Amino acid sequence: MRLSNDNAELTPRTEFEGPMLELDFPSLQIGVAEYDEGPTGCTVFHFVDGATCATDVRGGSPGTIGGHEWVSAICLAGGSLYGLEAATGVAAELFAAREYAVGWLDIATVSGAIIFDYGRPNSIYPDKELGRAAFRAAREGSFPLGRRGAGRSAKVWKTFGLGELEPGGQGAAFRQLGPTRVAVFTVVNAVGAVFDRDGQVVRGHLDTGTGARRALVEGVEERVAAGQPIHPLPGNTTLTVVVTNQALDRRVLQQLGRQVHASLARAIQPFHALVDGDVLYAVSTGEVENPTLDSIGLGVVASELAWDAVLSAVRD
């Protein structure tokens, strides 16, 4: 019998060693939980006092839940569509806390998105209990990098048969400019390869025989000339959360999200493909005003942080 959530005794893991991003963002708590039996996991962002949120969906095969304009939390998870259940666990934990404090009519708004992280020898997915565990474990100030949380079994896929599967993961970057804090978190499970700032492929398109990383266009041209099909594997996605404490109205926040999402095409190529489920959440906790930093400038900074986040997700 194939191992699944229904026939396995699963224990959430919420303590991790390894690389971490340390960040100073008091109004944001981050929790990570995994099932080692998968392995698979989820990553939760809890906005203590709530936050304005704009959602930008660009991939051709997204899987989301919520899409709220005001959020208490965002949950990213593995498990494909089944992993959306983890977000309901986050909502359940919020409900349990609020029912006694402010009344059950104060509805917890939780948005979420998933990656396809199968190719594992089991059917285990991030379920409601894993979402609850991640929320309970949420703390300020740190974010596990690499093959952790929602990125536990992520892959940077081979594109058009140009290389072998390689590990993806979750990454993050943070910066403070005066009173403005901005952080970008991403889960990289892309059909495309990851490029550094010198234009070199650092993950994906690997020829295991030679150790070389193939150029994308040249590889496509070779396959076309040889009459070979060009069909990328299904089940790919990059999920991103951009968070700032700077007050932004929703229209400006939406455009900030589009600006940062588009910029990620520098780091991941190809991007927003039909077989990708790319989703970005742009979030403002609205705590500070900073008239010296407009939304375009903020977008420039956040876009560079997004590239840093992608690179940190796949850094060995």
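**View 1. A buried arginine, Arg-152, and its acidic partner.** Arg-152 has a relative accessible area of 18%, so this arginine falls under the 20% cut-off and counts as buried. Keep in mind as you look around that this is a predicted model. Which residue does the Arg-152 side chain meet in a salt bridge? The partner is Glu-34, with 3.1 Å from N to O. This pair ties together distant parts of the chain: Arg-152 sits in the loop between strand S7 (142–144) and strand S8 (155–156), while Glu-34 belongs to strand S2, and 118 residues separate them. Glu-34 is buried too, with its relative accessibility down at 0%.

**View 2. Arg-13 and Asp-36 pair up.** Here the side chains of Arg-13 and Asp-36 form a salt bridge, at 3.4 Å from N to O. Once again, the two ends come from distant parts of the chain, 23 residues apart. Arg-13 lies in the segment before strand S1 (20–22), and Asp-36 is in the loop between strand S2 (28–35) and strand S3 (40–57). Buried or partly exposed? Arg-13 is partly exposed, at 29% relative accessible area, and Asp-36 is partly exposed as well, at 42%.

**View 3. Glu-304, Arg-197 and the network around them.** Glu-304 makes a salt bridge with Arg-197, and their closest N and O atoms are 3.1 Å apart. Where do the two residues sit? Glu-304 is in helix H5 (residues 295–314), and Arg-197 is in the loop between strand S12 (193–195) and strand S13 (201–203), which puts them 107 residues apart. Both are partly exposed: Glu-304 comes in at 27% relative accessibility and Arg-197 at 38%. The pair isn't on its own, either: through shared salt-bridge partners, Arg-197, Arg-266, Glu-304 and Asp-308 join into one network. For context, searching the whole structure turns up 14 salt bridges.

**View 4. Thr-237 and its surroundings.** Thr-237 is part of strand S14 (residues 237–246). With a relative accessible area of just 4%, Thr-237 is buried. What does the Thr-237 side chain reach? It gets to the backbone nitrogen of Gly-277, at 3.0 Å. Gly-277 also shows up among the residues in contact with Thr-237, along with Asp-276 and Asp-278. Setting aside neighbours within four places in sequence, the other contacts of Thr-237 are Ile-114, Ile-115, Val-187, Val-188, Asn-189 and Ala-190.

Technical notes
Residues are numbered from 1 along each chain as its sequence is written. This is a predicted model: local features need pLDDT of at least 70, side-chain atom pairs count only at pLDDT 80 or more; totals for chains, interfaces and linings use all residues. Side-chain values use heavy atoms; hydrogens and water are left out. A salt bridge is a side-chain nitrogen of Lys or Arg within 4 Å of a carboxyl oxygen of Asp or Glu. Helices (H or I, at least four residues) and strands (E, at least two) are DSSP runs, numbered from the N terminus. Buried means under 20% relative accessible area, exposed over 50%, partly exposed in between (1.4 Å probe, protein chains only). A polar contact is a pair of N or O atoms within 3.5 Å; within protein, one must be able to donate a hydrogen and the other to accept it, and residues adjacent in sequence count only if both atoms are side-chain atoms. Contact means heavy atoms within 4.5 Å.
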